[in-house]
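Hi,

Here is the structure I promised to pass on. Have a look at it first, and my notes follow underneath.

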Amino acid sequence: MQAAERALLTVRSLSDVGLRRLANEDAYVNDDRFGMYVVCDGIGGQPSGEAASQTVVHALPHVLKRRLREAGHADDATLRRVIEESLIEVSAGLRAATKGIDILQGMGATAVGLLIDRSRAFLFHAGDSRAYRLRDGHLDRLTADHVRTYNRPTRRGPIKPGTTRPTQRRLLYEFMGMGSRLDPAVTGLHLEPGDRLLLCTDGVCDPVPDDRLAQLLAQHQDPADAVRAIVEAANAGGGPDNITATLIDYHAPRGGPLPDPPPTPEPPTKGVAVTLDHALRDLEDDLGWLHEGAVAIGHKPLDDAFEEVSSRLGPAAYHRFVQLDPAANPAHVFHQACTSIDGLWRRGYQLHLDAMTTPMRELDAARLSPVLTARETAAIFRSLWHDWRHVEARYYATSQRPANDSEERSLDVLVHHMLQSVRTLRGLLLFYPRFLRHPDLPPAPQPDPGLDDTDIAPALRA
């Protein structure tokens, strides 16, 4: 039974990276067949946050469907209990599956969502992503942020002119993947025709006040226009974070029960995990060498920095380095020398980058998870990879210009983000076979554990 056969809805979503982030750690899923809509915001400001949010939005519907199948009925009390148990299970599974994977430690996400069935709906959330309802021109906030605010301790020392230290910090006390047992909020709602429901991350509600949200939701009758206006307003307010909005217009209830959940997917089978891991390991080694060298050079006096560059690059690349006038910012020029199109590092790095093409293309046929489908895990990997390539393009563009001053380290920041993204992708190859795996299922294949980092030399040494 399609959700549209149980409730007449119009649903539109839009997500935007904002103005200050390198990648989008927000995610959303609209499961129209089941009537479930989820928005998540990754925690931590790292690529693992992006992986967490996408994992949660895809995993929650699967777990809820399984638990409903096990319950055998769907009265209000059962639905509320099953939703709460599903959130707790996904949160605990996220935490448990990251144990021993350093790059994924602390991986978490906020979550807000709705399960809609005829004229009833169940709202759930953990964290500071929000839900609103516009009814008869009046906007109600339906969620209370799971946040405590405290004052930062005063720190001594100089600060740059024109800047101030923030005096307050917000602390989430409920979120998916937290160390203790999650205590999510689950609330039943009665829907009326004409209700407009908004799910959004704090990238919307921080820069856009509630009264402005009410205006935008009332002014734009087309939900696609409304979510676009909300994203534009958030960016106009500074775009300090990723921005995601899902708008649901509820028109009328219809008959029919919740659809039968699909059967449990087959156990994972061997796919491209090992090939993908080997390709990622080469890139990790290349980027790690590059980042380590730039940081070391940036912290040395000028004469020592030149000596460090010479020892790392060899005669030919060092000659290129000297031609680029490196005295003002040798670390910046080190990046420029390494990324020269005909340089040894760049050629080896490009070979390793090309090796990613086949396994990334074959991910749709690779069951990496016992819970998520191959298509879902492929979408998560490709989303992370797409953002990685976006940062890479920004890195190359920045490397083409001179440094702004002797203190500029923007290239170090970009390479570090790329390095963390590659490590996150490798971590996910270990994480997904463990995530919410039923004890009766055999373990999914994992990347070859018999190789260590010494088996792969960086591109410059290849």
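Let me start with helix 1 and helix 2, whose crossing is right-handed (handedness here means that the near helix is turned from the far one by less than a right angle, clockwise for right-handed and anticlockwise for left-handed). Helix 1 covers residues 47-71 and helix 2 residues 76-97; their axes come within 9 Å and cross at roughly 135°. Axes are lines fitted to C-alpha atoms, for helices over the stretch in contact, and angles run from 0 to 180 degrees between N-to-C directions. That angle makes helix 1 oblique to helix 2, given that angles under 35 degrees count as roughly parallel, over 145 as roughly antiparallel, 65 to 115 as roughly perpendicular and the rest as oblique. Among the residues in contact (heavy atoms within 4.5 Å) are Val56, Leu60 and Val63 of helix 1 and Leu79, Val82 and Ile83 of helix 2. By class, this contact has 13 nonpolar, 3 polar and 5 charged residues; Ala, Val, Leu, Ile, Met, Phe, Trp, Tyr, Cys and Pro count as nonpolar, Asp, Glu, Lys and Arg as charged, and the others, Gly among them, as polar.

Before going further, a word on the source. This is a predicted model, in which local features need pLDDT of at least 70 and side-chain atom pairs count only at pLDDT 80 or more, while totals for chains, interfaces and linings use all residues. Residues are numbered from 1 along each chain as its sequence is written, and side-chain values use heavy atoms, with hydrogens and water left out.

Helix 1 has another partner in helix 11 (residues 374-399): the axes come within 10 Å and cross at roughly 160°. The two helices are therefore roughly antiparallel to each other, and their crossing is right-handed. Here Glu50, Gln54 and His58 are among the residues of helix 1 that meet helix 11, where Glu376, Ser383 and Asp387 are included. The class count for this contact is 5 nonpolar, 5 polar and 3 charged residues.

Now the sheets. Helices (H or I, at least four residues) and strands (E, at least two) are DSSP runs, numbered from the N terminus, and two strands pair if DSSP finds at least two bridges between them. One open sheet of 5 strands has the order 2-3-4-5-10, with antiparallel pairing. Strand 2 (26-31) and strand 10 (185-190) each have a single partner strand, so one side of each is left without a neighbour in the sheet. The twist averages 10° from one strand to the next. Strand 5 (residues 120-126) and strand 10 pair over 6 bridges, with Phe122 opposite Gly188. Helix 1 packs on this sheet, touching strands 2, 3, 4 and 5, and its direction makes about 150° with that of strand 3. Helix 2 lies across strand 4, strand 5 and strand 10, at about 25° to strand 5.

The other open sheet of 5 strands runs 1-12-11-6-7, also with antiparallel pairing. Its edge strands are strand 1 (7-16) and strand 7 (138-141), and neighbouring strands are turned by 20° against each other on average, direction ignored. Strand 6 and strand 11 pair over 5 bridges, and Ala131 has Leu199 as its bridge partner.

Finally, confidence: pLDDT (the predictor's confidence in each residue, from 0 to 100) averages 87, and 85% of the residues score at least 70. It stays under 50 over residues 264-269 and over residues 444-462. Where pLDDT is low, the predicted coordinates should not be read in detail.

Best wishes
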